[in-house]
Each structure stands twice: as C-alpha cells, then as structure tokens.
Amino acid sequence: MHDYQPCNPIIGNHRHPSSYGMQNPEITFSTLNLKQGDVFLDAGCGLGDYALTAAHIVGQMGIVHAFDVEPYCIKDLSNRSASLGLSQLCARTVDITLALPLPDTSVTAALLGTVLHIPSVRRSIKTLLTEMHRVLKPNGRLGVIECNWDAPCGPPQSMRMSASRLSDRLAHCGFLPLTVKDFGNMYLALFQPCQQ
C-alpha cells in the first residue's frame with residue numbers, strides 16, 4: 001500500500017504512541033472508501049502514519065490535511081512527507097477542539113484515530129463533531145478508531161468509549177452509523193453526516 005515504514009513513536013524527548021500498528025490500514029482505508037483524488041482529513045494526526053498512507057492513496061490529484069496540536073508532530077510529519085515527495089499532504093498545527101480551518105463540505109473522508117478518549121477532546125466533543133459535520137461533503141465518511149472496552153492495552157477503561165456508546169453520541173450530533181470493524185484490541189466505526 002505504501003513504501004515507508006511507520007515511524008518510531010519517540011521524537012526527541014517526546015513519546016507519542018500511535019494506533020497505526022494496532023489495526024489493519026488496508027481495512028481502515030477500504031472501509032473509508034478512500035480513492036485517488038479525494039480530500040482526506042486526519043484530525044489529531046499525531047505522528048501522521050494514517051495521513052502518509054492516505055497521501056499515497058489520494059495521489060497528486062488529492063489532498064490530505066493532517067492536523068495536530070503538537071508542533072513537534074507536525075514538524076516531523078512535514079519532514080517525512082517532503083522526503084517522500086508527498087506534496088499533497090498539508091500538515092498543520094491545529095487544535096481540533098476549536099473551529100477547523102477548512103471550508104464547508106470540502107472533505108471526502110475524515111479520521112479520528114484514537115483521539116476521542118483524550119480528556120481535552122472529550123470535553124469539546126460536541127464542537128469537534130459539529131465541525132466534522134460542517135467540513136464533510138454530504139456523502140462524506142467519518143471513521144473513528146478507538147480501543148475496545150476489554151482490550152488489555154490502551155487508555156484506562158474509564159477513558160474508553162464503546163462502539164455502541166460512540167454511535168449514540170454521534171447520532172445526537174447528526175451522524176448516521178454505517179458499520180463497525182473489530183480489530184481485536186481496537187475498532188473502527190464508520191459514519192456519514194445526515195442531511196439537515
């Protein structure tokens with residue numbers, strides 16, 4: 001699917017765990033139905049392995065927006081994408097709990113990869129989901145990857161959100177649940193914005 005290896009989760013003095021190696025990227029992107037020429041948003045991209053894979057899929061005719069609040073992650077991702085010649089990947093330091101710097105209905109598919117359990121994101125989940133609804137195209141897709149409730153690894157159980165609870169939460173924010181893929185320790189839930 002791509003010609004690079006997921007990066008080491010330690011950059012300088014920073015440790016930044018990634019869920020990329022804990023699930024099957026081919027299933028993830030197949031479920032998202034990401035294609036050449038699409039516009040993809042990796043919100044809370046961390047080290048950017050999902051964004052890099054997406055950049056290979058959408059090709060030079062597509063766009064990948066990779067947002068994270070940590071400048072060191074964005075700097076590292078920018079360097080990696082430049083070294084791979086992926087000019088279609090735009091990595092920016094953005095707080096995803098605030099308004100997203102993207103036009104309305106401009107994104108084909110978006111991913112929230114293990115970010116909803118983070119306390120600051122959880123507190124602002126309504127704003128985040130409202131913004132996701134705004135930037136996604138009417139037939140767009142939103143994928144959410146989180147740890148299963150009984151997984152032996154990942155955040156404490158008190159911070160986790162089951163797939164059924166997630167579906168209920170997103171339904172209240174205008175998203176239609178489409179499918180859930182179980183990866184064992186993690187799951188991918190796919191949603192589509194409802195028309196208002």
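Visitor: Why does C90 count as partly exposed?
Guide: Its relative accessibility is 32%. Buried means under 20% relative accessible area and exposed means over 50%, with partly exposed in between (1.4 Å probe, protein chains only). C90 falls between those cut-offs, so partly exposed is the label.

Visitor: Before we go on, what kind of model is this?
Guide: It's a predicted model, where local features need pLDDT of at least 70 and side-chain atom pairs count only at pLDDT 80 or more, while totals for chains, interfaces and linings use all residues. Residues are numbered from 1 along each chain as its sequence is written, and side-chain values use heavy atoms, with hydrogens and water left out.

Visitor: And what makes C147 buried?
Guide: C147 comes in at 6% relative accessibility. That is under the cut-off for buried, so the label follows.

Visitor: How many disulfides does the structure hold?
Guide: Zero. To be called a disulfide, a pair of cysteine sulfur atoms has to be within 2.5 Å.

Visitor: Back to C90: where does it sit, and what does it touch?
Guide: C90 is in strand 5, residues 89–93. Strands here are DSSP runs of E with at least two residues, helices are runs of H or I with at least four, and both are numbered from the N terminus. Counting contact as heavy atoms within 4.5 Å, and leaving aside neighbours within four places in sequence, C90 is in contact with V64, H65 and A66. The C-alpha atoms of C90 and A51 are 9.3 Å apart, with their positions 39 residues apart in sequence.

Visitor: How many helices and strands does the chain have?
Guide: Six helices and nine strands. The chain has 196 residues, 53% of them buried. Of the contacts with a separation of 6 or more, 72% are between residues 24 or more positions apart.

Visitor: Why is strand 3 described as largely enclosed by the rest of the structure?
Guide: Five of its five residues are buried, so the description fits. V39, L41 and A43 point one way, F40 and D42 the other way, and all are buried. In a regular strand the side chains alternate between the two faces of the sheet.

Visitor: How do you know that strand 3 pairs with strand 4?
Guide: Two strands pair if DSSP finds at least two bridges between them. Strand 3 and strand 4 (residues 63–68) are joined by five and run parallel, with V39 opposite I63. Strand 6 qualifies too: three bridges join it to strand 3, again in parallel, and L41 has A110 as its bridge partner.

Visitor: What makes the β-α-β unit right-handed?
Guide: The unit is strand 3, helix 2 (residues 49–58) and strand 4. The word applies if, with the strands pointing away from the viewer, the path from the first strand over the helix to the second runs clockwise. Helix 2 also holds Y50, which is at 4% relative accessibility and therefore counts as buried. The C-alpha atoms of Y50 and A66 are separated by 9.0 Å, although the two are 16 residues apart along the chain.

Visitor: What makes a set of residues a nonpolar core?
Guide: They must be buried Ala, Val, Leu, Ile, Met, Phe, Trp, Tyr or Cys residues joined through side-chain atoms within 4.5 Å. The largest one has 31 residues, and L41, L112, L116, M132, L142, L166 and F175 touch the most other members. Elements giving it two or more residues include strand 3, strand 6 (107–113) and strand 7 (136–147). Helix 5 supplies the largest share, five residues. A second, separate core has 27 residues, among them C45, A66, L111 and F183.

Visitor: What does L112 touch?
Guide: Setting aside residues up to four places away in sequence, its partners include A43, I96, M132, L142 and V144.

Visitor: What is notable about the phi of N33 and of T114?
Guide: Phi of N33 is near 55°, a positive value in a residue other than glycine. N33 is in the loop between helix 1 (25–32) and strand 3. T114 has a phi near 50°, likewise positive and not in a glycine, and is found in the loop between strand 6 and helix 4 (119–123).

Visitor: Are these two buried or partly exposed?
Guide: N33 has a relative accessible area of 37%, so it is partly exposed. T114, at 17%, counts as buried.
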